[in-house]
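The exercises below are meant to be worked through with the sequence and the 3D view side by side. Each one sets a task and then solves it step by step.

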Amino acid sequence: MRLEISGVSHRYDQMVALRDIDLTIEPGEIVALIGPSGCGKSTLLSIIGGMLQPSEGQVSASGSVPDGCLNPLTYVFQDFALLPWRTVAGNVSLVLEDHKLSRTEREARISEVLEQTGLSDFRNAYPKQLSGGMKQRVGIARALAVRPAVLLMDEPLSALDAQTRILLLDEFSALFARTGMTAVYVTHNLNEAVRLAHRVVALRRRPGTIKEIHTIDVPIDQRREGDPEITAHEAALWELIRDEAIAADKELENVG
Ligand SMILES: Nc1ncnc2c1ncn2[C@@H]1O[C@H](COP(=O)(O)OP(=O)(O)OP(=O)(O)O)[C@@H](O)[C@H]1O
């Protein structure tokens, strides 16, 4: 599915959070949104996902969706958003229950996504029994269960420890390479952006506008931690956002 963001601006009361965003996301493309705190990354993701109506401009989606797609644009949340009283399978099932699927179809989908995310042995576990990394795998499984055309991911790894983050990064890159999924991935973490994205959109703040779009040509499944080419892309991105990141950090300190 192709997403075209045209002339999108957004205000919260008098504050202009985004101005004149034009961006096209091609089918199968992974786009990361980076930039200093408050530059409008989450606002833009919510607008792309249709959860927030922009003050101006529009987002249009075109093209085909996967067979059996129940929800073309699907979120993966930073805080996993699992229901504690439901098992792993029950949490995945939740997103399927509003749709006209037979019990057999529903069970088949649940088994398929649990298999894809390495959770088959945990289907009857409850969230409190799982590590952070396993909880986020459930979040991914739940998103995949609707066979989305586009995954919208808002800091999906930021609640996890460093080792788990590396493991999940490897799993995400394998998943993206295997499925040819389209995704928009918001992150503060430049390493995640250079490991996972075909293009990295750097936003500046006040108001949030596109500063630069950085393309990374290395196939996603061939990128490795510490690879010099990938490290060079990460350094280039840091140069791009450094001054504003420092300014945003100082500002937060002043507020505190
Ligand atoms: N519901 C809201 N009401 C008023 N202002 C908001 C609201 N949501 C966000 N903002 C403001 O809009 C601006 C952009 O916020 P947004 O959360 O989109 O930025 P972000 O780049 O995702 O930030 P962060 O990296 O800190 O998560 C910020 O100044 C924020 O304070």
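**Exercise 1. Into which domains is the chain divided?**

Solution. The division gives domain 1 (1-64 + 149-157 + 180-256) and domain 2 (72-148), where the bounds come from an automatic or database domain assignment. Residues are numbered from 1 along each chain as its sequence is written. The model is predicted, so that local features need pLDDT of at least 70 and side-chain atom pairs count only at pLDDT 80 or more, while totals for chains, interfaces and linings use all residues. As a next step, place the two parts relative to each other: the C-alpha centres of domain 1 and domain 2 lie 26 Å apart. The contact between them takes 12 residues from domain 1 and 10 residues from domain 2, with two residues counted as in contact if their C-beta atoms, placed from the backbone, lie within 7 Å. On the side of domain 1 that touches domain 2, the largest share is the 5 residues from strand 6 (residues 150-154).

**Exercise 2. Describe the overall dimensions and make-up of the chain.**

Solution. Begin with the secondary structure: the chain has 7 helices and 9 strands, which are DSSP runs numbered from the N terminus (helices are H or I with at least four residues, strands are E with at least two). Next, consider the extent, for the C-alpha trace spans about 50 × 40 × 40 Å along its principal axes. A compact globule of 256 residues would have a radius of gyration near 18 Å, and the chain, with 18 Å, agrees with this; the radius is taken over C-alpha atoms, and the globule rule is 2.2 Å times the number of residues to the power 0.38. Finally, buried residues make up 37% of the 256 residues, a residue being buried if 20 or more other C-beta atoms lie within 10 Å of its own, exposed if 12 or fewer, and partly exposed in between, with C-beta atoms placed from the backbone.

**Exercise 3. In which order do the 3 strands of the antiparallel open sheet lie?**

Solution. The order is 2-1-4, and the pairing is antiparallel, where two strands pair if DSSP finds at least two bridges between them. The edges are strand 2 (15-25) and strand 4 (56-62), each of which pairs on one side only. Now follow strand 1 (residues 2-12), which is joined to strand 4 by 6 bridges; Leu3 has Ala61 as its bridge partner in strand 4, and Arg2 stands opposite Ser62. Towards strand 2, strand 1 pairs over 7 bridges, and Tyr12 stands opposite Met15. These two strands form a hairpin with 2 residues between them, and Asp13 in the turn has a positive phi of about 50°.

The last step is to add helix 1 (residues 41-48), which lies across strand 1, strand 2 and strand 4 and runs at about 125° to strand 1; axes are lines fitted to C-alpha atoms, for helices over the stretch in contact, and angles run from 0 to 180 degrees between N-to-C directions. Of the 8 residues in helix 1, 6 are buried, including Leu44, Leu45, Ile47 and Ile48. Just after the helix, Gly50 takes a positive phi of about 80°.

**Exercise 4. What is the strand order of the open sheet with 6 strands?**

Solution. The order is 5-6-7-3-8-9, with mixed pairing. Strand 5 (73-76) and strand 9 are the edge strands. Inside the sheet, strand 3 (residues 30-34) and strand 8 (residues 199-204) pair in the parallel sense over 4 bridges, and Leu33 has Val201 in strand 8 as its bridge partner. Helix 4 lies across strand 5 and strand 6, running at about 175° to strand 5.

**Exercise 5. Which residues touch the most other members of the largest nonpolar core?**

Solution. Among the 64 residues of this core, they are Ala32, Leu33 and Val184; a nonpolar core is a set of buried Ala, Val, Leu, Ile, Met, Phe, Trp, Tyr and Cys residues joined through C-beta atoms within 7 Å. Helix 4 (residues 132-145) gives the most to the core, with 6 residues. Because domain 1 and domain 2 both give residues to the core, it lies between them. To finish, look around Ala32: leaving aside its neighbours within four places in sequence, its contacts include Tyr185, Ala193, Leu196 and Val201.
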